[in-house]
Amino acid sequence: MEINISSKAIQWFKNEMELQEGDMVKFFTQIYGSSPVQKGYALGFTKDNEPIHIGAQMEIDGIVFYVEEGDLWFFDGHHLYVDYDEEKDELAYTYSKK
């Protein structure tokens, strides 16, 4: 599983979460949501500098974005692409097996 984050999404994270070099953002599974890869579950994120077992990660500008091993099942073999939707002023997730 790979994590890819667009430059617009990186800027959104930095502005909205006041992230700086050395910070970590965890993507996690949350129940009672919707996603194209898991019915009844959605993807959330939080600033969390205490990972337990990182299953996938990407570092940009000294900020680590990661998924714990225990949440890899959610992706069902898909890679995660995070972008920023300017019209909706929110992050947009795309899942791909490419």
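Helix α1 (residues 7-17) lies across β2, β3, β4 and β5, running at about 60° to β3. Helices (H or I, at least four residues) and strands (E, at least two) are taken here as DSSP runs and numbered from the N terminus; contact means heavy atoms within 4.5 Å; and axes are lines fitted to C-alpha atoms, for helices over the stretch in contact, with angles that run from 0 to 180 degrees between N-to-C directions. This is a predicted model, in which local features need pLDDT of at least 70 and side-chain atom pairs count only at pLDDT 80 or more, whereas totals for chains, interfaces and linings use all residues. Residues are numbered from 1 along each chain as its sequence is written, and side-chain values use heavy atoms, with hydrogens and water left out.

The strands that α1 crosses belong to an open sheet of four, ordered β3-β2-β5-β4 and mixed in its pairing, where two strands pair if DSSP finds at least two bridges between them. The edges are held by β3 (41-47) and β4 (54-60), each of which has a single partner strand, so one side of each is left without a neighbour in the sheet. Direction ignored, neighbouring strands of this sheet are turned by 25° against each other on average. At the β4 edge, six bridges join β4 to strand β5 (residues 63-68), and the two run antiparallel; within this pairing, Ala56 has Val67 of β5 as its bridge partner.

A second open sheet is made of three strands in the order β1-β6-β7, again with mixed pairing. Here β1 (3-5) and β7 stand at the edges with a single partner strand each, so one side of each is left without a neighbour in the sheet. The average turn between neighbouring strands of this sheet, direction ignored, is 20°. Three bridges join β1 to β6 in a parallel arrangement, with Ile3 standing opposite Leu80 in β6. Helix α1 packs on this sheet as well, touching β1, β6 and β7, and its direction makes about 70° with that of β6. On the other side of the pairing scheme, strand β6 (residues 79-85) and strand β7 (residues 90-96) run antiparallel and are joined by seven bridges, Tyr81 standing opposite Thr94 in β7. Four residues lie between the strands in the hairpin of β6 and β7, where Asp89 takes a positive phi near 55°.

Ser96 offers a closer view of strand β7, in which it is placed. With a relative accessibility of 15%, Ser96 counts as buried, the classes being buried under 20% relative accessible area, exposed over 50%, and partly exposed in between (1.4 Å probe, protein chains only). Leaving aside residues up to four places away in sequence, Ser96 touches His78, His79 and Tyr81.

The aromatic side chains give another route through the model. Rings of Phe, Tyr and Trp (its six-membered ring) pair if their centres lie within 6.5 Å, and planes under 30 degrees apart count as stacked, over 60 as edge-to-face and the rest as tilted. By this rule the count comes to 13 aromatic pairs. In one of them, the rings of Trp12 and Phe45 have centres 5.9 Å apart and planes at 85°, so the pair is edge-to-face. Because Trp12 lies in helix α1 and Phe45 in strand β3, this pair ties together parts that are 33 residues apart in sequence. Trp12 is buried, with a relative accessible area of 16%, while Phe45, at 26% relative accessibility, counts as partly exposed. Another edge-to-face pair is formed by Tyr41 and Trp73, at 5.1 Å centre to centre and 85° between the planes. Since Tyr41 lies in strand β3 and Trp73 in the loop between β5 and β6, the pair ties together parts that are 32 residues apart in sequence. Tyr41 counts as partly exposed at 27% relative accessibility, as does Trp73 at 40%. Ring pairs also link Trp12, Phe13, Phe27, Phe45, Phe65 and Tyr93 into a cluster.

Tyr41 and Trp73 appear again around Thr29, whose contacts, not counting residues up to four places away in sequence, are Tyr41, Ala42, Asp71, Trp73 and Phe74. Thr29 lies in strand β2 (residues 24-31) and, at 17% relative accessibility, counts as buried. The side chains of Thr29 and Asp71 are joined by a polar contact of 3.2 Å, a polar contact being a pair of N or O atoms within 3.5 Å, of which, within protein, one must be able to donate a hydrogen and the other to accept it, while residues adjacent in sequence count only if both atoms are side-chain atoms.
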